[in-house]
Amino acid sequence: MNPILADIYSTVIPSAPFIIAAYAIVWVALLVYVAIVVRGLKRTEAQMAVLEEAVRAKAGE
Amino acid sequence: MSDKKVKVPEAGQWPDNLVVPAVLAGAVLTTAGFLMAFLMVGPVNGAALSSPELVGDVMVTNQQLLSQKIFYFHMPVAIVSFVALVFAAYYGIRFLMGRQQRFDTCSRVAMEIALLFVVFTMVTGDLWTRFEWGVWWTWEPRLTTYLILMLIVIAYFVLRNAVDDPERRAVFSGVISIIALVDVPICFMITRLIPSSVHPVVAREGGMAPDMVAAVMIIMAGMMLVAFGLYRLRFRQARLDERVQALKDQLEDY
Amino acid sequence: MKTTKRGDSPNCHFAAKPSTFSQYKTLLAKDLRQEFRTREMLTSMGIYALLVIIVYGAALALTANGLDIMKMGGGLLWVLIVFTSLLGLGRSFAHEKDQGCMEGILLVPLDRSVIFLAKTTANVLFMLAVEVIAVPLFYFFFMTGQPVAPTLPAIVAPLAVGTIGMAGIGTMLSTITMNTRAKDVMLAVLFIPLIYPLLYACVTATTAAIAGTEFWTDYFVMPLVLACGYDVVMLLVCWVLYDFVVSA
């Protein structure tokens, strides 16, 4: 391969891991954030169930 | 102003109807922008070659850089983080004007989104720095002011944790969210104020090619929509949490 | 709640309220008088500054001769000032709260931003007093080995600008952190990021003045102007928001 042609694209391969990592981290961090929020939502719903139970217990007294 | 009932944001109001379309559009736009950035927009020029070379039918005189592709997400994400900070400060002001706890919740959630996007900006920027400048960190003005912005946002949450009284916590964090906003224009302007800065300034380097602008704008629009969706989701969760908490307190009083 | 100037209000007939300026003078005099009696702040800040210098002595003991102290002097001096003022600012509201003085001040119908101005002025004066001792000491311990640039006196300008800004921001933040858990850590966590732009500009200007090279004004005037701008913006923001913070 022509050395100048090789020079043109010489930074492409070494930089690829960094680009892939940058996009991947943003992607994964977004998913993690959503997962955390959804987990919070689930926990709140579980608390809601506990509340319902408590209200029922009060009503039964 | 005091007689009129202030409309407070609540989960399930009309913006929530827009969340699903917004997130879908955001996903489509960011994906489209991503594909555009890699497949359609030409690479930018790096160091000059020892002699020009004909590739296809174009004369190439510089190294072609792939690392610049990080920019297509880096800049939109940074702008979104600024916008989220503006919203956090806006809700902070709304809280201080009317003392409604709801606005404090809004401000906090917006600040959380800001933190998320600040972290994105730091990560993408840092990976680019590592490759192009060969270091993980350098005390360059833009990097430094942005790091400071991140520290202020983190300090905001540390402060929230350190105050017990909700009213007082809301006042303090509202004030800090407004003060944090002062750093945003500094961050934005610093590369122009300190010309020795090595951080690339797009405007100084003769602007972007139109297709680059298009890709950046598409991704920015997409990211805004994604951020909006995240905000509403988190807000909904925070509100539900507050309501459950209030119910619990009420139940204990009986 | 709202910042109404009750003192100057024209429809306030029953008694001649003291003017805003005399309220300011009274509050400032109170802080200064307390300081002259106990000398608590000045001694603790002064000793702390000396200790930081001694730590520098240990840190630089083996390398001081090999280093260009003129290039590092500005930075080291500002580290000294930042940490000393952090100590002083943390204390400036501690005794107000311990002795219930703050409640007393808040009962007086005065414009809350007057409290901010008085407290900031007091902190500026304390910090300047400490700098008057610390800067010559710093010179004495580290800089006598080298010829002094004729531009050295110009460091007064960045010192003054930096001190005013740091006192203003610090007054605001120490009012906030006075009511939090782990006060001292909270103050540092908020204070250092918020003064950073000011610190950066002041260090640049100070270093330029100490080094005094041929084009030193290039690195002196612009940072100083930026530091002044940051001061003005921050002091205005703090002045407006202080009412909320202090009544919370």
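At what angle do helix α3 and α8 of chain C pack, and how far apart are their axes? This tour of a predicted model comes to that pair after a look at chain C as a whole.

**Chain C, overall**

Select chain C and show it as a cartoon. Nine helices and zero strands are present, so the pattern read along the sequence is simply α-α-α-α-α-α-α-α-α. Switch to the C-alpha trace: along its principal axes it spans about 70 × 35 × 30 Å. The radius of gyration of chain C is 20 Å, which agrees with the value near 18 Å that a compact globule of 248 residues would have. Of these 248 residues, 42% are buried. Among contacts in chain C with a separation of 6 or more, 84% join residues 24 or more positions apart.

**Helices α3 and α8 of chain C**

Now select residues 69-92 of chain C, which form α3, and add 183-211, which form α8. Two packed helices are described by the angle between their axes and the distance between the axes. Here the angle is about 150 degrees and the axes are 9 Å apart. An angle over 145 degrees counts as roughly antiparallel, and α3(C) and α8(C) are therefore roughly antiparallel to each other. The crossing of α3(C) past α8(C) is right-handed.

Show side chains where the two helices meet. On α3(C), look for C:L77, C:W78, C:V82 and C:L86, among others. On α8(C), the partners include C:L187, C:F191, C:L199 and C:V203. The residues of this contact divide into 14 nonpolar, six polar and three charged.

**Just before α8**

Step back along the chain to C:A182, in the loop between α7 (156-177) and α8 of chain C. Phi of C:A182 is near 50 degrees, a positive value in a residue other than glycine. Is C:A182 buried or exposed? C:A182 counts as exposed, because it has 12 C-beta neighbours inside 10 Å.

**Where chain C touches chain B**

Add chain B to the view. The contact takes 20 residues from chain C and 19 residues from chain B. On the chain C side, α8 and α9 (221-247) each supply at least two residues. That side of chain C divides into 17 nonpolar, two polar and one charged.

**A last stop in chain B**

Select B:R99, in the loop between α3 (71-98) and α4 (101-132) of chain B. B:R99 also has a positive phi, near 55 degrees, and is a residue other than glycine. B:R99 counts as partly exposed, because it has 15 C-beta neighbours inside 10 Å.

Terms used:
Residues numbered from 1 in each chain as written. Chains lettered and ligands numbered in written order. Predicted model: local features only at pLDDT ≥ 70, side-chain atom pairs only at ≥ 80, totals over all residues. Contact = placed C-beta atoms within 7 Å. Helix = DSSP H or I, 4+ residues; strand = E, 2+ residues; numbered from the N terminus. Nonpolar A, V, L, I, M, F, W, Y, C, P; charged D, E, K, R; others polar. Rg over C-alpha atoms; globule rule 2.2 N^0.38 Å. Buried ≥ 20, exposed ≤ 12 C-beta atoms within 10 Å, placed from the backbone. Axes fitted to C-alpha atoms, helices over the stretch in contact; angles between N-to-C directions. Parallel < 35°, antiparallel > 145°, perpendicular 65-115°, else oblique. Left-handed = near helix turned anticlockwise from the far one by under 90°.
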